[in-house]
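Please follow, in the paragraphs below, how elements of secondary structure are arranged in the model shown here, beginning with a pair of helices and turning afterwards to a sheet.

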Amino acid sequence: MTELAADLAADDITFTVDPTDLRSIARGVVEIDDELLLVRSYDTTSGVVTVMGGARGRGYAGTTAAPHAAGSLVTTAPAYARQVVKDALADTVMTLYPDLVVFGETEIVKTSVVWEYEMPSEAEDVWYVTGSTIGPTRVWMPLQNWRFNPDAATSAFPSGKSIQLLDEIVPGRTYRVVYAKRPQLLVSGADDWSLTGYPDSVAEVAVWGACARLVTTYEAARLQQRAVESVERSKIVGPQSALRTAAYYQELYAQALEREKARQFSEMPSYQNYQGS
């Protein structure tokens, strides 16, 4: 590991590191921020590293060629590239739905003789509906007779989602609709977990799931036993060691997921409703 000695533009095919930091950078993959680069050669005197294949060696393995500032870390042959970790986390977050949902809320003012209203396009299902009451009670009464339409005619409802509210309340009063939606994926390294819409406690579920996805790649490395190191290590690390470790992480994931599902149902009330046929 070393640092960039000068800024690196998105289309540069050479970059400079401090030659006093390390003796060599091997041919192969290096990582700078979120980008993977293919290295052809390294000049130990000047610290100049040449990218293999010119511009084709930038943005390797589906990463994006990007500018990098002087002082950015340069990692040789990372065990898990940052982009790979991000992809594993994103894949795990995607699979959390519908076991764990993100909640959204919209309020609809009752209009006389109107029974069907537009819902936000992000709504995947309706969790519950309440209606405001007249008088000083300030009670929002649970309403049970509603029907969610996820395939509404866009000519009438531009979002393509609607809800039929069949419990009558006084015109001018408000329906409050709590609905389920999918989590938002993390894209940038600067994205905070809260962007997903899940509470902080769900982050542990995603971490265990990502670990289970990542560690299985070590088992694939046993398929090729040509290197001396691989042959020697195979005597120490038994077959299916990575798979057993992945199963351990998968069990932690399953336990954490069940805990969060129980928390979700205990903290967010749900009411019986009429969906119609």
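In this predicted model, helix α2 passes helix α5 in a left-handed crossing. Two packed helices are described by the angle between their axes and the distance between the axes. For α2, which spans residues 203-215, and α5, which spans residues 241-267, the axes come within 8 Å and cross at roughly 160 degrees. Because angles over 145 degrees count as roughly antiparallel, α2 is roughly antiparallel to α5.

On the side of α2, the contact is made by E204, V205, W208, G209, C211, A212 and V215, while α5 contributes A242, T245, A246, Y249, Q250, L252, Y253, A256, L257, R259 and E260. Sorted by character, the residues of this contact between α2 and α5 comprise 12 nonpolar, three polar and three charged.

The sheet can be read in a similar way. Strands of a sheet pair through backbone hydrogen bonds, either parallel or antiparallel. Here four strands form an open sheet with antiparallel pairing, and their order is β7-β13-β9-β10. The edges are taken by β7 (102-109) and β10 (140-143), each of which has a single partner strand, so one side of each is left without a neighbour in the sheet. From one strand to the next, the twist averages 30 degrees.

At one of these edges, β7 runs antiparallel to β13 (residues 174-181), and eight bridges join the two strands. Within this pairing, E105 has V178 of β13 as its bridge partner.

How values were computed:
Residues numbered from 1 in each chain as written. Predicted model: local features only at pLDDT ≥ 70, side-chain atom pairs only at ≥ 80, totals over all residues. Heavy atoms only, no water. Pairing = 2+ DSSP bridges. Axes fitted to C-alpha atoms, helices over the stretch in contact; angles between N-to-C directions. Parallel < 35°, antiparallel > 145°, perpendicular 65-115°, else oblique. Left-handed = near helix turned anticlockwise from the far one by under 90°. Contact = heavy atoms within 4.5 Å. Nonpolar A, V, L, I, M, F, W, Y, C, P; charged D, E, K, R; others polar.
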